Amino acid sequence: MPKRRIEKVAVIGSGIMGSGIACHFANIGVEVLLLDIVPRELNEKEKAKGLSLEDKIVRNRLVNEALTNSIKSKPAPLYHKDFASRITTGNLEDDIAKVADVDWIIEVVVERLDIKQQVFENLEKYRTPGTLITSNTSGIPIKFMNEGRSEDFRKHFCGTHFFNPPRYLKLFEIIPGPDTAQEVLDFLNGYGEQFLGKTSVIAKDTPAFIGNRIGIFGIQSLFHQVKDMGLTIEEVDKLTGPVIGRPKSATFRTVDVVGLDTLVHVANGIHQNCPDDEEHDLFQLPDFIGKMMENKWLGSKTGQGFYKKVKGDDGKSEILSLDLDTLEYRGKKRASFATLEMTKSIDKVIDRFKVLAGGKDKAGEFYRKNFGAMFAYVSKRIPEITDELYKIDDAMKAGFGWEHGPFEIWDAIGVEKGIELIKALDKEPAAWVTEMVADGNSSFYSVKDGASYFYDIPKKSQEKIPGQDAFIILDNIRKSKEVFKNSGVVVEDLGDGILNCEFQSKMNSIGGDVLAGLNKAIDLAEADYEGLVIGNQGANFSVGANIGMIFMMAVEQEYDELNMAVKYFQDTVMRLRYSSIPTIVAPHGMTLGGGCEMTLHADRVVAAAESYIGLVEFGVGVIPGGGGSKEMALRASDTFQKNDVELNRLQEYFLTIGMAKVSTSAYEAYDLDILKQGKDIVVVNKDRQIATAKAVARQMADMGYTKPVKRKDVKVLGKQALGMFLVGTDSMEASNYISEHDKKIANKLAYVMAGGDLSEPTMVTEQYLLDLEREAFLSLCGERKTLERLQHMIQKGKPLRN
């Protein structure tokens with residue numbers, strides 16, 4: 001059988017999910033045909049233009065409007081606006097025959113079985129045998145949808161459930177029908193992970209599958225618990241947010257964003273279709289939910305839900321909260337618990353669960369009840385919704401943004417302690433859990449030789465989780481492969497002659513310990529290895545330099561120490577560029593200020609698609625001081641061409657810093673010339689990033705890596721450019737676009753990027769520009785306004801970005 005490849009897909013249905021799925025396929029370079037129904041009547045604009053129902057612009061109006069709205073939405077569904085050109089729109093009457101040319105047809109129409117069956121009947125008339133055909137249903141049984149279809153259709157048909165928004169949520173549930181070929185399931189499982197960047201989970205054809213079955217149970221459990229325990233919605237959101245590794249939107253804000261009606265629809269479906277679920281009654285909606293549905297308090301889509309944004313008499317916005325007893329909105333109440341205070345010094349979320357479950361206040365009681373109920377429920381869903389416990393954890397992490405799944409949390413608390421929590425609620429765990437403990441197994445997971453293992457229930461032993469051979473999981477190798485460690489970094493041996501330097505500081509901010517560790521990593525790599533990766537698997541690559549340290553030096557006017565610290569940073573990034581081994585930086589998430597400067601100086605960059613990279617120093621009143629200002633001048637110089645308007649090119653790079661531009665994806669970073677086309681690469685699945693970076697380092701070493709020659713050919717424009725910038729900043733201040741202090745920062749940056757006040761264009765060295773950059777940075781650190789901005793950010797607890 002020839003290898004299956006996906007070059008073109010058809011998405012049927014252009015609603016929020018359909019358009020989002022179409023955009024994500026466009027993100028990965030696939031050609032997309034997006035089809036929807038033909039309007040049955042003209043709108044007012046069409047009538048005014050004298051159009052008819054036969055005009056193509058009318059016939060494609062629904063699909064075109066839906067796609068346009070999706071592309072404009074926030075957060076953006078596309079990695080880059082230009083990727084929209086990969087999507088062709090049409091309608092299900094004029095263009096349905098085009099599905100004969102695609103490799104995969106994805107149905108995303110309204111959640112009604114009769115309509116889906118009708119769509120499939122029409123599609124089968126044109127579908128080429130062997131073409132994949134799947135449904136994005138969120139709960140309709142797959143076995144009902146393919147009734148009456150041909151054998152080839154049924155063999156190539158299954159459910160593929162994307163979570164909304166498809167670009168950002170990683171869960172990709174694959175639900176086999178009764179006749180789905182194993183080859184189809186295997187292909188989709190691999191394609192979802194490798195190409196779509198998803199966590200693929202093959203689920204059973206049960207109501208709400210895995211993610212929503214467990215997720216909705218968790219939310220419904222909280223809906224009942226909140227009133228039983230007398231908690232406010234603010235308290236629940238405080239207890240179920242970042243402190244336990246969940247999104248900031250926690251519980252009630254998440255429901256507002258998703259839409260209460262959506263949650264109610266899924267909960268009702270589970271209630272109706274799972275009569276034998278031991279928690280069947282829990283899926284009945286509390287009275288306050290019924291009242292909110294009656295009032296159309298559905299969340300963001302109707303302007304109010306559990307929270308409501310209003311404007312006061314002074315014109316300022318205020319967020320009100322719903323009192324679940326009175327069902328009236330009131331001012332937000334501050335939530336505070338002693339148990340949460342005890343976890344503030346615990347950086348790793350996984351280490352907090354024991355403390356939280358042992359709390360002596362209402363928060364501790366809440367967690368014991370919450371965890372106990374969840375542990376009991378997930379244990380009893382095996383083998384109903386899946387045979388493997390790790391799939392439940394994968395689904396919750398990828399679909400609901402949990403940092404740790406239920407079985408991982410149970411392990412962290414202790415399996416026997418978790419059983420105690422269950423029994424305290426007069427519940428029982430599934431029999432297999434009791435048997436597992438009785439047989440001497442004390443955990444659901446283990447790590448062996450850098451690989452993750454899970455407790456396989458039928459085999460009654462720890463088995464390797466499949467599909468991880470393409471990954472390097474730093475948590476699994478950190479202890480066994482450690483080569484060096486200090487308070488800021490761990491240097492690990494990735495094998496095959498490649499080291500990795502992993503930041504371990506708070507928010508991966510870059511201070512003296514991180515710089516010392518990075519220099520040590522380069523020393524080690526140059527002495528005994530053949531390449532170095534700088535990468536981590538935290539939430540963000542790095543929020544930048546430790547501004548708290550800079551602030552203290554500036555306040556104490558320790559300018560010699562500050563000068564040495566800045567020079568140390570500059571020297572370190574220059575070592576990345578001019579070492580005798582290839583250096584690969586692997587940015588992901590926020591890669592700001594100093595993190596961006598690291599990226600700019602690597603030999604190669606292997607960026608996660610979801611990388612938000614930029615030089616943001618202007619926001620704290622300084623210019624990039626770790627080589628960023630120099631590097632933008634150098635990259636501008638590299639674009640100068642004969643007879644080119646060089647000043648305009650330089651101005652573009654100046655504005656990248658001056659406007660603190662941050663890419664909203666790695667692909668946008670190419671536009672900012674932070675990433676280099678043809679040199680730096682983007683990976684869609686972040687889990688593959690470290691392994692890919694290692695492979696790139698190995699390839700560069702194998703090809704015969706030679707230390708680069710230091711640059712002496714950076715063209716700077718001197719007074720010609722400086723004059724232009726100074727006139728511009730004067731004009732912007734006069735027009736009240738920028739403050740006096742902003743003008744001062746901009747003028748300092750202008751001086752650096754112009755190469756000073758040289759009388760004519762000159763070729764200079766990188767070190768010349770670094771010295772100018774450092775001098776400008778230090779002078780701004782002594783400004784009162786800069787110190788005020790730094791202090792404000794520190795007091796607000798904002799990320800310490802430089």
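In this predicted model, helices H22 and H24 are roughly parallel to each other, because angles under 35 degrees count as roughly parallel and the axes of these two helices cross at roughly 30°. H22 spans residues 512-528 and H24 spans residues 559-577, and their axes come within 10 Å. The crossing of the pair is left-handed.

On the H22 side, the contact is made by Gly512, Leu515, Ala516, Leu518, Asn519, Ile522, Asp523 and Glu526. Their counterparts in H24 are Tyr568, Phe569, Thr572, Arg575 and Leu576. Sorted by class, the H22 and H24 contact holds seven nonpolar, three polar and three charged residues.

A second helix pair is formed by H26, residues 628-639, and H31, residues 740-753. The axes of H26 and H31 lie 9 Å apart and the packing angle is about 55°, so the two helices are oblique to each other. H26 passes H31 in a right-handed crossing. Here Ser629, Met632 and Ala633 of H26 meet Leu749, Val752 and Met753 of H31. By class, this contact comprises five nonpolar residues, one polar residue and no charged residues.

The two helix pairs are set out below.

| Helix pair | Axis distance | Axis angle |
|---|---|---|
| H22 (512-528) and H24 (559-577) | within 10 Å | roughly 30° |
| H26 (628-639) and H31 (740-753) | 9 Å | about 55° |

The strands are considered next. An open sheet of eight strands follows the order E3-E2-E1-E4-E5-E6-E7-E8, and its pairing is mixed. Strand E3 (87-91) and strand E8 (199-202) stand at the edges with a single partner strand each, so one side of each is left without a neighbour in the sheet. From one strand to the next, the twist averages 25°.

At the E8 edge, strand E7 (residues 171-176) is joined to E8 by four bridges, and the two strands run parallel. Within this pairing, Glu173 has Val201 in E8 as its bridge partner. Helix H17, residues 389-400, packs on the sheet and touches both E7 and E8. The direction of H17 makes about 135° with that of E8.

An open sheet of three strands is ordered E12-E13-E14, with antiparallel pairing. Its edge strands are E12 (445-448) and E14 (461-464), each of which pairs on one side only. Neighbouring strands of this sheet are turned against each other by 40° on average, direction ignored. Strand E13, residues 451-456, is connected to E14 by four bridges, and these strands run antiparallel. Phe454 stands opposite Glu463 of E14.

Two loop residues complete the account. Ser509 is placed in the loop between strand E17 (498-503) and helix H22. With a relative accessibility of 11%, Ser509 counts as buried. Leaving aside residues up to four places away in sequence, Ser509 touches Val514, Ser542, Val543, Gly544 and Asn546.

Gln304 occupies the loop between helix H13 (287-294) and strand E9 (307-311). The relative accessibility of Gln304 is 17%, and this residue therefore counts as buried, the limit being under 20%. With residues up to four places away in sequence again left out, Gln304 touches Trp297, Leu298, Gly299 and Tyr329.

Conventions: Residues are numbered from 1 along each chain as its sequence is written. This is a predicted model: local features need pLDDT of at least 70, side-chain atom pairs count only at pLDDT 80 or more; totals for chains, interfaces and linings use all residues. Side-chain values use heavy atoms; hydrogens and water are left out. Axes are lines fitted to C-alpha atoms, for helices over the stretch in contact, and angles run from 0 to 180 degrees between N-to-C directions. Angles under 35 degrees count as roughly parallel, over 145 as roughly antiparallel, 65 to 115 as roughly perpendicular and the rest as oblique. A crossing is left-handed if the near helix is turned anticlockwise from the far one by less than a right angle, and right-handed if clockwise. Contact means heavy atoms within 4.5 Å. Ala, Val, Leu, Ile, Met, Phe, Trp, Tyr, Cys and Pro count as nonpolar, Asp, Glu, Lys and Arg as charged, and the others, Gly among them, as polar. Two strands pair if DSSP finds at least two bridges between them. Buried means under 20% relative accessible area, exposed over 50%, partly exposed in between (1.4 Å probe, protein chains only).
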